[in-house]
Amino acid sequence: MTSAPGKDRLYVMQYPRDLLLDLHRRMLAIRLCEESLVEPILDGSIRCPVHLCSGQEAVAVGVCAALRQDDYVMGNHRSHGHFLAKGGRMEALVAEVFGKEGGCSRGRGGSMHLIDPSVGMLGSAPIVSGTISLALGAALAGKIRGDQRVAVSFFGDGATGEGVLYESLNFAALMHLPMLFVCENNLYATHMPIGDCRPACALSDIARPFGMESVCVEGNDVLAVLAVAQEAVAACREGRGPVFIEASTYRLRGHVGPDDNIQGTHTDIRPPEELARWRENDPITTFEARLVAEGAASDEELARMRGEVGREVEAAHAFAAQSPHPPAEELAAHLFKHD
Amino acid sequence: MPTLTYVMAINQALHQMMEADDSVFLMGQGVKSPWYVGNAANGLLDRFGPDRVIDTPVSENAVTGAGVGTALAGMRPIVVHPRMDFMFYAFDPIINQAANWYYMNGGRLSAPVVVWGIINRGGEQAAQHSQALHATFAHVPGLKVVMPASPHDAKGLMIAAIQDDNPVVFIDDRWLHGIEGEVPAEPYAVPLGRAAVRREGSDVTITALSYMTHLALQAAEELAAEGISAEVLDLRSVKPMDRAAVLASVNKTGRLLVCDPGWQSFGASAEVAALVAEEGCAGLKAPVRRLALPDLPAPASGPLEKAYYPVAGDVAQAVRQLVQSQS
Ligand SMILES: Cc1ncc(C[n+]2csc(CCOP(=O)(O)OP(=O)(O)O)c2C)c(N)n1
């Protein structure tokens, strides 16, 4: 497989305008939705832990744009972007974060448990690397049924410390499963920089001993991610899977909550200059600039889109606000199916 | 006597034990960040260096196994898991390996490892950030399991766990970390397997573990005002369990409420109840009752979470019903 297109940039005009605007709108929806949660987190109206993915939108959107609706996705603790990119309803996400009955997990799960089976989002869970083997199973199901479905596992660089990743790589390779291992390398696992978690070696190298296609992509460039993902998905559908994708990216917010340094803990040890550099490389503003510079969209169009998405976010909050909390009498509901 | 918070009592135990014995070391996620283990590891890295205070990658199985291996090789490791739920990845080294090693090798070599798990409930964190797994570990032959409720016991049981020649699962609860109490400055061990009467009473025995002890004490206070005299027994050690203390108290009061911070079915509360059933306490005046978590995963949503976790009022109410009921 070709390596990152990164440096010799893909020209936006090679793409249909609709696709470009759709990619942009999806990234914007994730960003504006995420940022709309900051105030309510700070004022205490959201109480569950929220791991914002601001800055990492291009990975989720680029990968999911290469998928069919019936392809499967599984995520981790930082999965708002995966959920929305796969087509999960924003109002169901926001309501979930507020612990409401109208949430995608009926308020039982909160921000870390996002699911929408109708669009192939089989769920997310915060046990680091815990869903990798589950996505493996989703890919296995696709292979057994021969229905050409692909399964994607999104996980962070931190998950590369867990043994189950390697067990899954081996099994997926052995079985030629239609699976994308998408490692979002944002350089940190909670308070630990990647250099303290791994010896210096490229994350994409970890799949090579299994004979697996692997590629490293500029994760803040949505077109680069899309190109790599399309090729990987095609390989999976032709029985040439699995594929490992390392997407380099950065979270612009704290590990959990808007800023790790609130509550006086000072756990964000990331250098301010590093943060500033990545802000320059914001996947949304850089893409906007390209769309305009290369004539795919005007400033006015983009402003209009921003307004529309902003109203969508407001509507999601309005939905969450009017949705009731699950009643205490229903504490025992949903333990078993068909009870 | 100096007053310390629960978490600083643990911290003091670690400082003193690492000072006293070069083979003691601490390893696990977050030991250099207050975000994970509260202040439990404060100052350790500066004082003992990165060879003895090891902040690890997210690799619970390997790191815990390495802890067990260092123990077999003569060290006294403490392996911390800042959210007990993540210990599921470490079940093999703890349960298959460490717990069995001494017996299955005919007493040749034991694994004196302290596996320290922190219960991290509440805060709308849902099912995978809340689980109290003491009963699961206590079920396994070859493991000792302790759950201190006070700063005094947190220090003393940590020291006893480190000194013990066997694998010990030490379990604390983030809800306890800020609790203050008197803690002797010098090192001391609280023996494993010994309960403590926290409050004397004559009408009913409440046995409790960990955070539940505080709810039981609050409830006992409330009940005293109503003329019900409750004895509160803090088990401190899940396994070995202080059977004699339970029986002595129930023989005195004739009634038993078992409080457990874990799930009800097949849990630690069943062991206490079974003990009393088997030994047939003299003149039991009412059937034994249990108060534990419902057999459900923890929900995220606030109102459900509120319904899920018992409060002191629930303990008091259970005691009232117990006192009214007849055997
Ligand atoms: C099995 C397990 N161990 C530890 C944790 C605590 N934890 C939550 S997120 C995280 C870091 C994850 O880093 P990474 O996978 O790189 O994802 P990121 O947060 O950077 O997106 C850790 C260690 C956990 N949730 N699960």
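In chain B, B:V145 stands opposite B:V169, a residue of strand 7. The model that holds this pair is predicted. The points below cover the sheet around these two residues, a buried strand, the nonpolar cores, the ligand site and one loop residue.

**The seven-stranded sheet of chain B**

- B:V145 falls within strand 6, residues 144-146, and this strand pairs with strand 7, residues 168-173.
- The two strands run in the parallel sense, and three bridges link them.
- Strands 6 and 7 also appear in an open sheet of seven strands in chain B, where the order is 3-2-4-5-7-6-12.
- Pairing across this sheet is mixed.
- Strand 3 (53-55) and strand 12 (237-239) are the edge strands, each with a pairing partner on one side only.
- From one strand to the next, the twist averages 20°.

**Strand 11 of chain B**

- How many residues of strand 11 (residues 230-234) are buried? Five of its five residues are, and the strand is mostly covered.
- In a regular strand, side chains alternate between the two faces of the sheet.
- On one side of strand 11 the buried residues are B:A230, B:V232 and B:D234, and on the other they are B:E231 and B:L233. Both faces are therefore covered, given that buried means under 20% relative accessible area.
- Strand 9 (residues 196-199) runs antiparallel to strand 11, and three bridges join the two.
- Within that pairing, B:A196 is placed opposite B:D234.
- Strand 10 (residues 204-208) pairs with strand 11 in the parallel sense, over five bridges.
- Here B:T205 is the residue opposite B:E231.

**Nonpolar cores**

- The largest nonpolar core contains 76 residues.
- Which residues have the most contacts inside this core? They are A:L180, A:L223, A:F287 and A:L291.
- Helix 9 of chain A, residues 222-237, gives the most to the core, with twelve residues.
- Another core, of 44 residues, lies apart from the largest one, and its members include B:F91, B:A132, B:L235 and B:C281.
- Setting aside neighbours within four places in sequence, A:L291 is in contact with A:V12, A:L20, A:L21 and A:H24, among others.
- Other contacts of A:L291 include A:A296, A:A297 and A:L302.

**The ligand site**

- There are 21 residues around the ligand, and those that come nearest are A:H77, A:R78, A:P126, A:G158 and B:E60.
- Why is the site shared between chains? The residues that surround the ligand come from chains A and B.
- A:H77 has a polar side-chain atom 2.8 Å from an oxygen atom of the ligand.
- A:V128 places a backbone N or O atom 2.9 Å from a nitrogen atom of the ligand.
- A polar backbone atom of A:G158 is 2.7 Å from an oxygen atom of the ligand.

**A loop residue, B:F88**

- Where is B:F88 placed? This residue is in the loop between strand 4 (76-81) and helix 5 (91-104) of chain B.
- B:F88 counts as partly exposed because its relative accessibility is 39%, a value that falls between the 20% limit for buried and the 50% limit for exposed.
- Not counting residues up to four places away in sequence, B:F88 touches B:Q131 and B:L133.
- B:F88 and B:A219 are 131 residues apart along the chain, and 33 Å separates their C-alpha atoms.

Key: Residues are numbered from 1 along each chain as its sequence is written. Chains are lettered from A and ligands numbered from 1 in the order in which they are written. This is a predicted model: local features need pLDDT of at least 70, side-chain atom pairs count only at pLDDT 80 or more; totals for chains, interfaces and linings use all residues. Side-chain values use heavy atoms; hydrogens and water are left out. A nonpolar core is a set of buried Ala, Val, Leu, Ile, Met, Phe, Trp, Tyr and Cys residues joined through side-chain atoms within 4.5 Å. Buried means under 20% relative accessible area, exposed over 50%, partly exposed in between (1.4 Å probe, protein chains only). Helices (H or I, at least four residues) and strands (E, at least two) are DSSP runs, numbered from the N terminus. Contact means heavy atoms within 4.5 Å. Two strands pair if DSSP finds at least two bridges between them. Axes are lines fitted to C-alpha atoms, for helices over the stretch in contact, and angles run from 0 to 180 degrees between N-to-C directions. A residue is near a molecule or strand if one of its heavy atoms lies within 4 Å of it. A polar contact is a pair of N or O atoms within 3.5 Å; within protein, one must be able to donate a hydrogen and the other to accept it, and residues adjacent in sequence count only if both atoms are side-chain atoms.
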